[in-house]
Amino acid sequence: MKSIIIADDNFEWLNLLEIGINNHEHYHIVGKAHNGRDALKAIEILLPDIIILDIIMPEIDGVYIVNYI
């Protein structure tokens, strides 16, 4: 099973994405974040297999996170 972190500042989109991912038995969401700073912390702690990021988020954007990783 692949672990996933999803990050987006749009709460509705984040919840819809979570529902869609949870419908697949080979994927498991281990973390969600509503801003880039929380996403980066979750990534460093949880070390997911897959990260789904919004590009424009408060505090730290998705592009910075990708470059940081």
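## A guided tour, starting at Tyr-64

Select Tyr-64 to begin: with a relative accessible area of 44%, this residue is partly exposed. Keep in mind as you go that the structure on your screen is a predicted model.

**Stop 1: two tyrosines on one helix**

Leave Tyr-64 selected and add Tyr-68. Both residues sit in helix α3, which covers residues 62–68, and 4 residues, about one turn of the helix, separate them. Tyr-68 is partly exposed too, at 45% relative accessibility. How many aromatic pairs does the count give? The count is 1 aromatic pair. That pair is Tyr-64 with Tyr-68, and its geometry is stacked: the ring centres are 6.2 Å apart, with 20° between the planes. Show both side chains as sticks and turn the view until you can compare the two rings.

**Stop 2: step back to the whole chain**

Now switch to a cartoon view. You should find 3 helices and 3 strands, and following the chain from the N terminus takes you through them in the order β-α-β-α-β-α. The C-alpha trace spans about 30 × 25 × 15 Å along its principal axes. Does the chain agree or disagree with the radius of gyration of a compact globule? It agrees, because a compact globule of 69 residues would have a radius of gyration near 11 Å and this protein has 11 Å.

Turn on the surface next. About 4600 Å² is exposed, and carbon and sulfur atoms supply 56% of that area. Buried residues make up 33% of the 69 in the protein. If you colour by charge, look for 4 positive and 11 negative charges; the mean positions of the two groups are 6 Å apart. As for contacts, among those with a separation of 6 or more, 59% join residues 24 or more positions apart. The next stops show some contacts one residue at a time.

**Stop 3: Ser-3 on strand β1**

Hide the surface and select Ser-3, in strand β1 (residues 2–7). Is Ser-3 buried or exposed? It counts as buried, because its relative accessibility is 15% and the cut-off for buried is under 20%. Setting aside neighbours within four places in sequence, Ser-3 is in contact with His-28, Val-30, Leu-47, Pro-48, Asp-49 and Ile-50. Two of these partners, Ile-50 and Leu-47, are worth selecting in turn.

**Stop 4: Ile-50 and Leu-47**

Ile-50 belongs to strand β3, residues 50–53. Its relative accessibility of 28% makes it partly exposed. Beyond the residues up to four places away in sequence, Ile-50 touches Lys-2, Ser-3, Ile-4, Ile-5 and Tyr-27. For a distance to draw in the viewer, pick Asn-10: its C-alpha is 19 Å from that of Ile-50, and the two residues are 40 apart along the chain.

Then move to Leu-47, in the loop between α2 (36–46) and β3. Leu-47 is exposed, at 63% relative accessibility. Check its backbone as well: phi is near 45°, a positive value in a residue other than glycine.

**Stop 5: another positive phi at Glu-59**

Go on to the loop between β3 and α3, where you will find Glu-59. Phi here is near 75°, again positive in a residue other than glycine. Glu-59 counts as exposed, with 55% relative accessibility.

**Stop 6: buried residues on two helices**

Select Leu-14 in helix α1 (residues 11–22). This leucine is buried, with a relative accessible area of 0%. Which residues does Leu-14 touch, not counting those up to four places away in sequence? They are Ile-6, Ala-7, Asp-8, Lys-32, Ala-33 and His-34. Draw one more C-alpha to C-alpha distance, to Ile-52: it comes to 10 Å, for residues 38 apart in sequence.

Finish on helix α2 with Ala-39. Ala-39 is buried, at 0% relative accessibility. Its contacts, leaving out residues up to four places away in sequence, are Ala-7, Ala-33, Leu-53 and Ile-65. Ala-7 and Ala-33 also appear among the residues that Leu-14 touches, so try showing all four of these residues together. For a last distance, choose Asn-23: it is 16 residues from Ala-39 in sequence and 22 Å away in space, C-alpha to C-alpha.

Terms used. Residues are numbered from 1 along each chain as its sequence is written. This is a predicted model: local features need pLDDT of at least 70, side-chain atom pairs count only at pLDDT 80 or more; totals for chains, interfaces and linings use all residues. Side-chain values use heavy atoms; hydrogens and water are left out. Helices (H or I, at least four residues) and strands (E, at least two) are DSSP runs, numbered from the N terminus. The radius of gyration is taken over C-alpha atoms; the globule rule is 2.2 Å times the number of residues to the power 0.38. Buried means under 20% relative accessible area, exposed over 50%, partly exposed in between (1.4 Å probe, protein chains only). Contact means heavy atoms within 4.5 Å. Accessible areas come from the Shrake-Rupley method with a 1.4 Å probe; for residues, only the protein chains shown count as cover. Lys and Arg count as positive and Asp and Glu as negative; His and the chain ends are not counted. The place of a charge is taken as NZ of Lys, CZ of Arg, CG of Asp or CD of Glu. Rings of Phe, Tyr and Trp (its six-membered ring) pair if their centres lie within 6.5 Å; planes under 30 degrees apart count as stacked, over 60 as edge-to-face and the rest as tilted.
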